[in-house]
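Welcome, and please take a moment to turn the model around before reading on. The report below starts with one element and its cover, then moves out to the chain and its pockets.

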Amino acid sequence: RPFADAAGDDAYNVELKIDHTFRVYALACRITEEESLDDRTARLVHIGALFHDTGRFVQYQRYGVYNDASTENHARLGVRELLRKGILEGLPVKDRRVVLGCVFLHNVRHLPEGLRPLIKRVTGVVRDADKLDILPIMLAHMNGSKPPNKVVTLGVAPHPTNYSSSMLEHFKRREVGSYTNMRWHNDFKLLNLTWIYDLNYQASRRILQETGHIEELLNSLPHDPALDEVRAQVRQDLAEYL
């Protein structure tokens with residue numbers, strides 16, 4: 001709330017992250033319930049979901065953007081802010097470390113090997129919930145249903161047909177795309193589509209299928225042979241995962 005109050009005319013972008021936080025929390029709650037995770041794991045997931053984007057508020061206050069590449073890693077900022085304000089002091093030390101680990105790792109491209117099982121489970125749910133909620137936000141600001149917002153779309157340029165061929169390489173390897181390759185709105189859409197290769201739980205895949213956001217993304221891409229191949233691959237892979 002102090003960040004939103006201080007944002008003035010930019011309050012919309014701060015409120016956007018507040019709303020995102022509570023939707024991610026709700027999605028995380030649903031995933032933990034549908035996956036029947038034990039009580040301790042579920043509780044740590046829910047706390048991690050609530051605080052995963054703490055660093056975004058610091059980032060926006062300092063830089064006026066949500067772009068890690070041009071500012072600072074918002075996950076690291078979040079860990080520092082949580083420690084500085086002692087927000088997690090009421091948790092047992094081991095649980096606090098899990099939540100801080102979740103916040104620190106929620107935005108990495110790939111989770112590192114050798115993570116302790118509890119941190120991996122907790123972070124996996126939060127990463128899934130985060131992706132599930134980001135998809136409709138990005139769609140709304142790129143398909144015209146909400147006003148253009150460079151803060152949300154990280155400054156990539158709108159164009160009906162342009163996209164970067166380098167983004168297609170990620171689909172060939174069935175891997176998560178890289179933000180560094182984005183230039184156009186269609187690149188951001190392609191990056192969003194690669195997220196189907198980084199969902200950790202079956203419940204997350206079911207939720208994604210229910211929302212219809214993948215089909216919206218696929219249908220919003222321009223038609224050419226290379227992107228038609230992407231459409232076919234994504235639809236087939238998602239069906240197999242389910």
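In this predicted model, the cover over the buried residues of helix 9 includes helix 7, helix 8 (168-172), helix 11 (213-220) and helix 12 (225-241). How many of the ten residues of helix 9 are buried? Ten of the ten are, so helix 9 is largely enclosed by the rest of the structure. The buried residues are H185, N186, D187, F188, K189, L190, L191, N192, L193 and T194.

Let us look at one of them. H185 is found in helix 9. Its relative accessibility is 12%, and because buried means under 20%, H185 counts as buried. Leaving out residues up to four places away in sequence, H185 touches H141, M142, T153, V156, A157 and P158.

**A second buried residue**

I47 lies in helix 3. With a relative accessible area of 14%, I47 is buried too. Apart from its neighbours within four places in sequence, I47 is in contact with L88, L91 and V99. You can also look for V122: I47 and V122 are 75 residues apart in sequence, while their C-alpha atoms are 9.7 Å apart in space.

**The chain as a whole**

Stepping back, you will find twelve helices and zero strands in the chain. From the N terminus on, the order of elements is therefore easy to read, running α-α-α-α-α-α-α-α-α-α-α-α. Taken along the principal axes, the box filled by the C-alpha atoms is roughly 55 × 45 × 30 Å. A compact globule of 242 residues would have a radius of gyration near 18 Å, and the chain agrees with this, having 18 Å.

Of the 242 residues, 52% count as buried. The accessible surface of the chain comes to about 11800 Å², and carbon and sulfur atoms make up 52% of that surface. Among the contacts in the chain with a separation of 6 or more, 63% are accounted for by residues 24 or more positions apart.

**Two pockets**

Now for the empty space. Rolling a probe the size of a water molecule over the atoms shows where such space is left. The table sets out the two pockets.

| Pocket | Volume | Lining by class |
|---|---|---|
| Largest pocket | About 840 Å³ | 17 nonpolar, nine polar and nine charged residues |
| Second largest pocket | About 330 Å³ | Ten nonpolar, two polar and three charged residues |

Which residues are closest to the centre of the largest pocket? Of the 35 residues that line the largest pocket, these are R56, H74, N107, L154 and Y179. Helix 2 (11-34), helix 7 (117-142) and helix 9 (185-194) are the elements that give two or more residues to this lining. Helix 7 supplies the largest share, with six residues. Helix 7 has appeared before, as part of the cover over the buried residues of helix 9.

The second largest pocket is lined by 15 residues, and the closest to its centre are R1, F3, F51, T54 and F57. Two or more lining residues come from each of helix 1 (2-7), helix 2, helix 3 (39-51), helix 4 (54-63) and helix 5 (74-85). Which element gives the largest share of the lining of the second largest pocket? Helix 2 does, with four residues. Helix 3, the element in which I47 lies, is one of the contributors to this lining as well.

Technical notes
Residues are numbered from 1 along each chain as its sequence is written. This is a predicted model: local features need pLDDT of at least 70, side-chain atom pairs count only at pLDDT 80 or more; totals for chains, interfaces and linings use all residues. Side-chain values use heavy atoms; hydrogens and water are left out. On a 1 Å grid over the protein atoms alone, a cavity is a set of points where a 1.4 Å probe fits but cannot get out, and a pocket is an open set with protein on both sides within 12 Å along at least five of seven lines; lining residues have an atom within 4 Å of a point. Grid points are joined across faces, edges and corners, and a volume is the space filled by probe spheres set on the points. Ala, Val, Leu, Ile, Met, Phe, Trp, Tyr, Cys and Pro count as nonpolar, Asp, Glu, Lys and Arg as charged, and the others, Gly among them, as polar. The radius of gyration is taken over C-alpha atoms; the globule rule is 2.2 Å times the number of residues to the power 0.38. Buried means under 20% relative accessible area, exposed over 50%, partly exposed in between (1.4 Å probe, protein chains only). Contact means heavy atoms within 4.5 Å. Accessible areas come from the Shrake-Rupley method with a 1.4 Å probe; for residues, only the protein chains shown count as cover.
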